[in-house]
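I opened a fresh page for this protein. My plan is to start with the whole chain and then zoom in.

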Amino acid sequence: MSGRHFLQIPGPTNVPDRILRAMDRPTIDHRGPAFAELGQKVLSGLRQVFKTEGQVVIFPASGTGAWEAALVNCLSPGERVLMVETGHFASLWREMADRLGLQAEFIETDWRHGADPAAIEDRLRADLGGEIKAVCVVHNETSTGCTSPIAKVREAIDAAGHPALLMVDTISSLASIDYRHDEWGVDVTVAGSQKGLMLPPGLSFNAISDRARTATKAARLPRSYWSWEAMAGPNASGFFPYTPATNLLYGLAEALDMLSEEGLDEVFARHDRHAAATRRAVEAWGLEVLCQDPACFSSSLTAVLMPEGVSADHFRKVTLENFDLSLGNGLSRLADKVFRIGHLGDFNDLMLLGTLSGIEMGLRLAEVPHRAGGAQAALEFLAGECRFASGVAAQ
Ligand SMILES: Cc1ncc(COP(=O)(O)O)c(C=O)c1O
């Protein structure tokens with residue numbers, strides 16, 4: 001097909017040309033002075049994105065690696081962790097905890113809401129022996145489009161007077177949705193390169209509090225590749241204990257420049273606006289947003305429920321084959337029931353309108369019961385919100 005593919009899954013996201021060009025350079029000696037400069041730039045730039053003064057670690061790995069690093073650096077075999085079943089990704093993190101020999105306990109949700117801080121507080125108050133060593137929450141559940149209120153989760157832990165560490169997955173929220181590692185008292189933040197940071201997959205991150213660094217000293221789960229301690233020494237001068245993903249780091253340096261040029265608050269406002277426009281389209285189509293709590297609506301993706309008995313995967317096939325538009329699929333219990341619209345990363349009004357137009361045409365071609373006018377509703381919302389509207393009459 002001619003023209004550019006529309007990659008509107010909720011990550012990996014579109015990689016801007018500027019980042020592609022930044023990576024298209026010769027790989028350098030990762031033990032030489034030019035690398036040290038690059039290493040220091042990205043490590044300090046990331047602190048601003050996580051909003052932390054503390055240590056940030058970069059792994060050449062997908063997000064799953066940073067999940068594992070969070071657990072193995074802080075915990076010991078058989079220890080109990082409290083997790084919230086917000087959806088597919090929270091479930092995968094729980095399975096990993098079980099496989100690592102931890103005792104993972106789930107607070108269930110219906111996959112249509114975020115984590116409930118009151119339920120976390122209740123469970124922690126009942127843990128009189130302090131057996132729960134960590135609370136793990138996915139900030140933005142990519143399978144459902146529901147966010148969880150992390151600052152309130154911290155308040156709940158404090159209200160219960162419980163010493164558990166707080167671990168948060170921001171894989172599909174970092175650099176898209178407001179997030180504050182230090183201010184919200186998060187101990188370990190988990191993130192990945194391929195969503196809000198606009199990079200290809202292949203890097204993942206941990207931001208680490210002082211309490212979490214202290215916890216590593218007693219933590220007995222085996223770790224080698226994922227060891228924060230092994231990273232700290234070389235990272236201090238911009239180097240890595242093993243061969244880093246140098247060209248992805250070139251891209252990361254560029255991404256950090258782009259985010260700081262736009263300003264993080266502007267980036268978040270842009271994501272909020274595109275999410276609001278998307279929900280207007282869904283409403284106009286007469287379809288249902290999966291997330292049922294407006295306070296938890298995700299600004300990086302919207303999961304849309306198909307009418308009963310209509311195949312979401314058939315509809316996605318139609319949009320791909322006709323319009324070269326990739327939409328996210330439903331995962332595990334949501335398979336074939338929802339499609340997910342990614343509106344995060346390097347994205348603008350016309351990309352959103354192209355996406356929504358492709359969806360609207362796809363709904364028609366796949367004969368999904370709906371009303372026309374969703375793309376138009378989004379268009380009107382976006383035009384009404386434009387910053388540079390001029391009141392000057394045509395000459
Ligand atoms: C919220 C969340 N957590 C974890 C992961 C797993 O990350 P990865 O696939 O990069 O290993 C994903 C992937 O999409 C995700 O969205």
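**Entry 1. The whole chain.** I looked up the radius of gyration and found 22 Å for the protein chain. A compact globule of 395 residues would come near 21 Å, so the chain agrees with that expectation. I note that this is a predicted model. Along the principal axes, the C-alpha atoms fill a box of roughly 65 × 55 × 40 Å. I found 13 helices and 14 strands in the chain. Of its 395 residues, 57% count as buried. I also checked contacts with a separation of 6 or more: residues 24 or more positions apart account for 73% of them.

**Entry 2. A five-stranded sheet.** In what order do the strands of the open sheet lie? I read S1-S13-S14-S12-S11, with mixed pairing. S1 and S11 (288-289) are the edge strands, and each pairs on one side only.

I then went through the pairs.

- S1 (residues 6-8) runs parallel to S13, with three bridges. Here Gln 8 has Leu 327 of S13 as its bridge partner.
- S13 and S14 are antiparallel and share two bridges. Asn 329 is matched with Phe 339 in S14.
- S11 and S12 (residues 301-305) are antiparallel too, joined by two bridges. Glu 288 has Leu 305 of S12 as its bridge partner.

I looked at S13 again. Four of its five residues are buried, so S13 is largely enclosed by the rest of the structure. As a reminder to myself: in a regular strand, side chains alternate between the two faces of the sheet.

**Entry 3. Helix H11.** H11 covers residues 312-323, twelve in total. From first C-alpha to last it reaches 16 Å, close to the 16 Å expected at 1.5 Å a residue. Which residues of H11 are buried? I listed Ala 312, Phe 315, Val 318 and Thr 319. Seen down the helix axis, these buried residues fall within an arc of 120°, so they line one face of H11. The cover over them includes strand S13 (325-329), strand S14 (338-342) and helix H12 (349-365). Two of these names are already on my page, as strands of the open sheet.

I checked both ends of H11. At the N-terminal end, Ser 311 acts as a cap: one of its side-chain oxygens lies 3.3 Å from the backbone nitrogen of Asp 313. After the helix comes Asp 324, with a positive phi near 55°.

**Entry 4. Backbone oddities.** I searched the loops next. Gly 11 and Pro 12 are joined by a cis peptide bond, with omega about -5°. Pro 12 lies in the loop between S1 and helix H1 (17-23).

Ser 332 is not a glycine, yet its phi is positive, about 40°. I placed Ser 332 in the loop between S13 and S14. Its relative accessibility is 42%, so Ser 332 counts as partly exposed.

Glu 367 also caught my eye, with a positive phi near 55° in a residue other than glycine. Glu 367 sits in the loop between H12 and helix H13 (374-384). Is Glu 367 buried or exposed? At 69% relative accessibility, Glu 367 counts as exposed.

**Entry 5. Thr 52.** Thr 52 lies in the loop between helix H2 (33-50) and strand S2 (55-59). I first asked why Thr 52 counts as buried. Its relative accessibility is 5%, and the cut-off for buried is under 20%.

What does Thr 52 touch, leaving out residues up to four places away in sequence? I found Arg 47, His 181, Asp 182 and Ala 207. With Asp 182 there is a side-chain polar contact of 2.7 Å. A polar atom of the Thr 52 side chain also lies 2.8 Å from the backbone nitrogen of Gly 54. I checked one distant partner in sequence as well. Gly 185 is 133 residues from Thr 52 along the chain, and their C-alpha atoms are separated by 10.0 Å.

**Entry 6. Thr 216.** My last stop was another threonine, Thr 216, in helix H7 (residues 210-218). At 5% relative accessibility, Thr 216 counts as buried. Leaving out residues up to four places away in sequence, Thr 216 touches Asn 73, Arg 223, Trp 228 and Glu 229.

Methods:
Residues numbered from 1 in each chain as written. Predicted model: local features only at pLDDT ≥ 70, side-chain atom pairs only at ≥ 80, totals over all residues. Heavy atoms only, no water. Expected span 1.5 Å × (residues − 1). Buried < 20%, exposed > 50% of the residue type's maximum accessible area, 1.4 Å probe, protein only. Arc of directions from axis to C-beta. Contact = heavy atoms within 4.5 Å. Polar contact = N/O pair within 3.5 Å; in protein donor to acceptor, adjacent residues only side chain to side chain. Pairing = 2+ DSSP bridges. Rg over C-alpha atoms; globule rule 2.2 N^0.38 Å.
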